[in-house]
Amino acid sequence: MSIGSSTSSCYSQHRQYTGVPTKCWCGRKITTYYSQTDENPFRRFYRCEIAIQRKNEEHLFKWIDEALLDETRIVDAKLMKLVDEVKVLRNEMLSSFELQKKRVLDMEEEMKEKIKEEMMMTNATIEEMGRVMARKSMERAVITLLVVGVVGWVCGKLMS
């Protein structure tokens, strides 16, 4: 759609619209037109449908190239915010990973220490059991020798 317009961006506006507009602040739908002025020949703009009919009222007017530039800036700002958020999350995850790694290493050291203590206690118990078994074996051997000696002595007495 085309329409002659001598209106430019100096058109008085109470409200500034950032980005690509979808409606005028009066609630009406906007339409795309192109300028037929010498200043801005064939330059496209957004305009409220009602503003074309009521030239004395202030309704939405925005050059399309400026609106698209606004949109690009908005998207760039959102992208940079997302990049920053990803960097923060990455740093938090790296910190968390380092903390978990330290905890695992600490637990590993603690487990090694506990295993070492248990092994020492087990070795001490085994050594003690070995001594007890050796003593018991010696006692049995002494008792056996005594019994054999007594039996031998009794047999010797009976035979003499």
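This report describes an annotated domain, a pair of cysteines and a nonpolar surface patch in a predicted model.

The UniProt record, an unreviewed entry, lists residues 24-67 as "domain: GRF-type". Over residues 24-67 the chain is 20% helix and 41% strand, and the C-alpha atoms at the two ends of this stretch lie 14 Å apart.

Two cysteines, Cys 24 and Cys 26, are compared in the table below.

| Residue | Closest cysteine sulfur | Relative accessibility | Class |
|---|---|---|---|
| Cys 24 | Cys 26, 3.6 Å | 4% | buried |
| Cys 26 | Cys 24, 3.6 Å | 38% | partly exposed |

A disulfide is a covalent bond that joins the sulfur atoms of two cysteines. The structure holds 0 disulfides, and Cys 24 is not bonded to Cys 26 because their sulfur atoms are 3.6 Å apart, whereas a disulfide is counted for cysteine sulfur atoms within 2.5 Å. Cys 24 counts as buried because its relative accessibility is 4%, while the value of 38% for Cys 26 makes that residue partly exposed.

Helix H2 spans residues 64-159 and contains Val 154. Together with Val 150, Trp 153, Leu 158 and Met 159, Val 154 makes a nonpolar surface patch of about 600 Å². Is Val 154, as a member of this patch, buried or partly exposed? Val 154 counts as partly exposed because its relative accessibility is 35%, a class that lies between the limits of under 20% for buried and over 50% for exposed.

Definitions and conventions:
Residues are numbered from 1 along each chain as its sequence is written. This is a predicted model: local features need pLDDT of at least 70, side-chain atom pairs count only at pLDDT 80 or more; totals for chains, interfaces and linings use all residues. Side-chain values use heavy atoms; hydrogens and water are left out. Patches are made of residues with over 30% relative accessible area and no salt bridge: like charges are joined within 9 Å, nonpolar side chains (Val, Leu, Ile, Met, Phe, Trp, Tyr) within 5 Å. Accessible areas come from the Shrake-Rupley method with a 1.4 Å probe; for residues, only the protein chains shown count as cover. A salt bridge is a side-chain nitrogen of Lys or Arg within 4 Å of a carboxyl oxygen of Asp or Glu. Helices (H or I, at least four residues) and strands (E, at least two) are DSSP runs, numbered from the N terminus. Buried means under 20% relative accessible area, exposed over 50%, partly exposed in between (1.4 Å probe, protein chains only). UniProt positions are given in the numbering used here, feature names are shortened, and annotations may be inferred rather than shown by experiment.
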